[in-house]
Amino acid sequence: MACKPSCWPNVLNVQYLDSSRYHSSVTAQIRSHIQGVQNRTSVQKHCSLVQIRSISDASHPVVGQYGLFAARKIQPNTHIIDYVGELHCDDRDSDYDLSLYRSQDGANVGIDASTMGNEARFINDYRGIRERPNAIFVDGRSLKGELRMSIWSAGQTIKKGDEILVSYGKGWWSARQESNRMQ
């Protein structure tokens with residue numbers, strides 16, 4: 001079991017992971033493609049660039065929840081942290097699910113951090129907080145060859161203490177609006 005960082009909220013029923021887990025819906029062929037040439041999963045240590053904090057500002061869209069903040073100054077175009085969770089090929093209705101890869105046969109691989117993940121699961125969308133995001137999602141391969149979804153700083157410096165914010169994308173917001181209309 002991974003040793004969770006000291007800033008991990010105790011009130012959550014979310015398992016801390018230092019590397020992604022594979023759900024049984026991920027076939028051996030897809031798993032091999034994701035793991036890459038060396039066929040090993042690299043372990044990510046606690047990220048010293050980030051800190052999880054409770055949001056107490058009443059004007060913040062997710063007041064009472066958590067956010068991901070810069071623990072120190074982060075230069076532009078810097079790898080901040082990988083998004084870790086459960087890799088899966090089944091359909092999910094999760095606010096913590098990111099698309100990682102679509103195979104040639106149409107299988108869609110996602111990373112779901114709703115019940116297990118790392119600090120990256122606490123990153124919020126910029127809407128209602130800033131004019132634009134100060135970080136971006138970037139997919140690519142780690143040094144060990146594993147396909148990952150990472151969070152990188154955008155084109156400006158992120159100051160120590162600033163909330164790290166991305167764009168969840170139009171698809172994420174459209175799915176939420178559709179879900180709300182159906183309720």
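The following dialogue examines selected features of a predicted model.

Visitor: On what conventions do the values rest, and what pLDDT do side-chain atom pairs need?
Guide: Residues are numbered from 1 along each chain as its sequence is written, and side-chain values use heavy atoms, with hydrogens and water left out. Because this is a predicted model, totals for chains, interfaces and linings use all residues, whereas local features need pLDDT of at least 70 and side-chain atom pairs count only at pLDDT 80 or more.

Visitor: How many helices and strands are there in the protein?
Guide: Helices (H or I, at least four residues) and strands (E, at least two) are DSSP runs, numbered from the N terminus. On that basis the protein has two helices and 13 strands.

Visitor: What percentage of the 183 residues of the protein count as buried?
Guide: Buried means under 20% relative accessible area, exposed over 50%, and partly exposed in between (1.4 Å probe, protein chains only). Of the 183 residues, the buried portion is 42%.

Visitor: Among contacts between residues at least 6 apart in sequence, what percentage join residues at least 24 apart?
Guide: Contact means heavy atoms within 4.5 Å. For the contacts between residues at least 6 apart in sequence, the portion that joins residues at least 24 apart is 68%.

Visitor: Which residues touch the most other members of the largest nonpolar core?
Guide: A nonpolar core is a set of buried Ala, Val, Leu, Ile, Met, Phe, Trp, Tyr and Cys residues joined through side-chain atoms within 4.5 Å. In soluble globular proteins, nonpolar side chains tend to be buried together. Within the 33 residues of the largest core, the members that touch the most others are Ile80, Leu100, Ile151 and Ile164.

Visitor: Which elements give two or more residues to this core?
Guide: The core in question is the largest nonpolar core, with 33 residues. The elements that give two or more residues to this core are helix H1 (28-35), strand E3 (50-54), E4, E5, E7, strand E8 (108-112) and E12.

Visitor: Which residues does Ile164 touch, not counting residues up to four places away in sequence?
Guide: Ile164 is one of the residues that touch the most other members of the largest nonpolar core. With residues up to four places away in sequence not counted, Ile164 touches Val50, Leu68, Phe69, Ala70, Ile74, Ile80, Ile123, Asn124, Asn134, Ala135 and Ile158.

Visitor: How much space lies in the largest cavity?
Guide: On a 1 Å grid over the protein atoms alone, a cavity is a set of points where a 1.4 Å probe fits but cannot get out, and lining residues have an atom within 4 Å of a point. Grid points are joined across faces, edges and corners, and a volume is the space filled by probe spheres set on the points. A search of the whole structure finds one cavity of 30 Å³ or more. The space in the largest cavity is about 70 Å³.

Visitor: Which strand gives the most to the lining of the largest cavity?
Guide: The lining includes Asp18, Tyr83, Leu100 and Arg148. It divides into seven nonpolar, two polar and three charged residues, where Ala, Val, Leu, Ile, Met, Phe, Trp, Tyr, Cys and Pro count as nonpolar, Asp, Glu, Lys and Arg as charged, and the others, Gly among them, as polar. With three residues, the element that gives the most to the lining is strand E12 (residues 147-153).

Visitor: Is Ser94 buried or exposed?
Guide: Ser94 lies in the loop between strand E6 (86-88) and strand E7 (97-102). Its relative accessibility is 10%, so Ser94 counts as buried.

Visitor: With which side chain does the side chain of Ser94 make a polar contact?
Guide: A polar contact is a pair of N or O atoms within 3.5 Å; within protein, one must be able to donate a hydrogen and the other to accept it, and residues adjacent in sequence count only if both atoms are side-chain atoms. The side chain of Ser94 reaches the backbone nitrogen of Tyr96 at 3.0 Å. At 2.8 Å, its side-chain partner is Asp112.

Visitor: Which backbone nitrogen lies 2.8 Å from a polar atom of the side chain of Ser25?
Guide: Ser25 is in the loop between strand E2 (21-22) and H1, and its side chain makes a polar contact with the side chain of His23 (2.8 Å). Not counting residues up to four places away in sequence, Ser25 touches His88, Cys89 and Asp90. The backbone nitrogen in question belongs to Cys89.

Visitor: What is phi of Asn77?
Guide: Asn77 is found in the loop between strand E4 (66-70) and strand E5 (79-82), and it counts as exposed because its relative accessibility is 56%. Its phi is positive, in a residue other than glycine, and is near 55°.

Key
On a 1 Å grid over the protein atoms alone, a cavity is a set of points where a 1.4 Å probe fits but cannot get out, and a pocket is an open set with protein on both sides within 12 Å along at least five of seven lines; lining residues have an atom within 4 Å of a point.
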